[in-house]
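Student: Could we go through this structure together, term by term? I should like to understand the reasons behind each description.

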Amino acid sequence: MSFIPFLFLTDLFPFMRFGMFAETIQSTAQQEKFTVTVLSPDGSNQSLGDRQIGLDDSHLNYLSRIYYYNHQLDFFAFHLQKTGLIKPNEQLAIIHKKLVNHQWKQDTLLTK
Amino acid sequence: MKKQPFIRQSFILAFQSIFLWIVYLLAMHYMAAMTHQVILASPNDKGWTSWVYEFYPRLQTEKWRFSESFFISKAEQILIRITFSVQLVFILHSFRTILLEKLVSVYHRLTDLTIHRKFIPYITVLLYTCLLLVVYNAMLEFEALALFGPFYKPTGMGKLLLPFFPPLLMLWFIYVVLIGSIITVVLLPKKWISASLAAIGFIYYQLILFGFGKYDHGYSTLTYALLIYPFFLWEAERSKESTVPAWSIVLIQWMICLSYFYCGLEKIFISGMQWFTSNNLQQHLLIHEKPLGLALASYPVLCQCLSFGVLILQLSFLFLPFRKSLVCLLLPAGFLFHTAAWILLDAGGLFNPWWGVYLFFLFPLQPQETK
C-alpha cells in the first residue's frame, strides 16, 4: 500500500496518509488546542467557530496553529478583518491550550 | 522438481547480496543525510533545504513544535518502510514458485466472478447517495473557505491540479459538475461518463478542502471506489449479458480492505510496541473533551483493551477478501468503530463514508457460468 498513493492529497514525507491517531502522544506539543476568539469592545468574547462562518473548528485549529507557530498571527487577524469576519473595533485573540498532567493550561495571545 | 544448476543458484545469491548491500548503503547514506539536515536545522532553524519542505510541507509549522529526535524518528519512518518492502520482496521471491501458483489461482477465481445486472441500479444509487451525503453542502464550505483564500497552500499533486484558490465562478463550476454528475449517473444512460466526472469533481472538492494544512483520510475509501466504479459501469454498458464481470467490484473490495489494513500497519510502523503501552486512546479522549470520551478515559485498562481491539480489527480486514464469512463480523465491528470514533473523538460524523462503502460487500458475486 505504500505504493498506492492516496492521490493528490498526500504529504509524502512519512507516508502518513493513513497515520491518523497512529502516533503515540509523547510531548505536550501533541496535546494542544487552539481557539480563535473575537474580543468585543464591551468586554465580551466569542469563539470564531460559534459565529457559524461555515468552517469547522478543526480547520480553524489548524489554521491558527500554522500562523501561531510561524509568528504570523497579526497577518491572520488582519486578513480576517479585511474579509469582514471580525469588525474593525473587535480584536482577535488566540487561546492556546496545552494538556499537562491531565490538566489544561492556557495562554492567550492578543493580535494587534 | 528439476534442480537448478549450481552456477545459476550462485549467480542469484550473489545478485541478491549485492542488491541488499546497495539498499543498505543507500539507507546509511539517507540516514546520515537526514540526521545532518536535522542537526543543521536545529540551532538557527534555517538549515532545512528546500527539498525537505517539498516532501514534508508540514515542516514549516512542525519545526517550531518538536525537538530533533522527533524529526530523526520521522526520517527513520521512511527507512522502516523501505526495509519492510525490500524484505517482503525477498521473502516473496524465495517462495515465488508456490506463491505464483496460488496467486494465479486466486487471480483467476477473483476475475472469474460476476455480478447479476439487476444489482447495478442498487449499487449505483447507494454509492452516489453516499457521495451526495458528503458533498451536498460543498458550496457553503467553498464559500467559507474562500474567505481564507490567502491561506491556501496546496501540497503534492494539488500544486499541479489546483495551484491557486479558485475564484467563486470556478467553485460554482466544480459544485455544479459534482452535483450534476451525481444526479445524471442515476438518471441518464452512459453512466460511466457521469461517474468519471463525479470522481474528478470529488477529487477537486478534496483538493480545496485539504489545501489549508488539514489532511485526513476520511474520504479515502470513497475516493478509491469512485475512481474504480466508472470502469464497472463502462463494462456493464458494453455487455448485454445478464451478468457483468465483477473484477472492478473485487478491486474496490480490496482497496477498502487494504486501507483498513494499512491503518493498522501504520500504527505498528509509527508507534511500534509503544502502541501497546502508551495508552494512546486515553490521551486522545482527554484532548477531545467529549463527555462520553472523558468518562471512558477514567478506565485506562479498558482504553488499552480498546486500542488493542482497533489494531486487531484493522489488520483483520486483510483476510476479508479470502474469507467472505468475515463480512458478518468485520463490517458491524467497523460500523461500531467509526460511530464510536465520532461520539468519543469527534472524528468523522454520524454518516461516515468508510462504512458507506461497505455496500460493495453486500451484493452476491458468483463465478462465471461455463458455456
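**Reading the two chains**

Student: How many helices and strands does chain B have?

Tutor: The secondary structure of chain B comes to 18 helices and 3 strands. Helices (H or I, at least four residues) and strands (E, at least two) are DSSP runs, numbered from the N terminus. This is a predicted model, in which local features need pLDDT of at least 70, side-chain atom pairs count only at pLDDT 80 or more, and totals for chains, interfaces and linings use all residues. Residues are numbered from 1 along each chain as its sequence is written, while chains are lettered from A and ligands numbered from 1 in the order in which they are written.

Student: What makes a residue of chain B count as buried, and what percentage of the chain does so?

Tutor: A residue is buried if 20 or more other C-beta atoms, placed from the backbone, lie within 10 Å of its own (exposed if 12 or fewer, partly exposed in between). Of the 371 residues of chain B, 30% meet that condition. The C-alpha trace of chain B spans about 70 × 65 × 45 Å along its principal axes.

Student: Why are α6(B) and α11(B) called roughly antiparallel?

Tutor: Helix α6 (residues 120-135) and helix α11 (residues 220-238) of chain B pack at an angle of about 150°, with their axes 12 Å apart. Angles under 35 degrees count as roughly parallel, over 145 as roughly antiparallel, 65 to 115 as roughly perpendicular and the rest as oblique. The two helices are therefore roughly antiparallel to each other.

Student: What classes of residue make up the contact of α6(B) with α11(B)?

Tutor: Its residues divide into 10 nonpolar, no polar and no charged. Among them are Leu127(B) and Leu131(B) of α6(B), and Leu226(B) and Tyr229(B) of α11(B). Ala, Val, Leu, Ile, Met, Phe, Trp, Tyr, Cys and Pro count as nonpolar, Asp, Glu, Lys and Arg as charged, and the others, Gly among them, as polar. Residues are in contact if their C-beta atoms, placed from the backbone, lie within 7 Å.

Student: How do you know that β1 and β3 of chain A pair?

Tutor: Two strands pair if DSSP finds at least two bridges between them. Here 8 bridges join β1 (residues 32-39) to β3 (residues 91-100) of chain A, so the condition is met, and the strands run antiparallel. Within this pair, Thr37(A) stands opposite Ala93(A).

Student: What makes β2 and β4 of chain A edge strands?

Tutor: The open sheet has the order β2-β1-β3-β4 in chain A, with antiparallel pairing. Both β2 (45-47) and β4 (103-110) pair on one side only. In addition, β3(A) and β4(A) form a hairpin with 2 residues between them, and Asn101(A) in the turn has a positive phi of about 50°.

Student: Which residues and elements bring chain A and chain B together?

Tutor: The contact takes 40 residues from chain A and 55 residues from chain B. On the side of chain A, α1 (57-69) and α2 (73-83) are the elements that give two or more residues. The largest share, 7 residues, comes from α1(A). By class, this side of chain A has 23 nonpolar, 13 polar and 4 charged residues.

Methods:
Contact = placed C-beta atoms within 7 Å. Axes fitted to C-alpha atoms, helices over the stretch in contact; angles between N-to-C directions.
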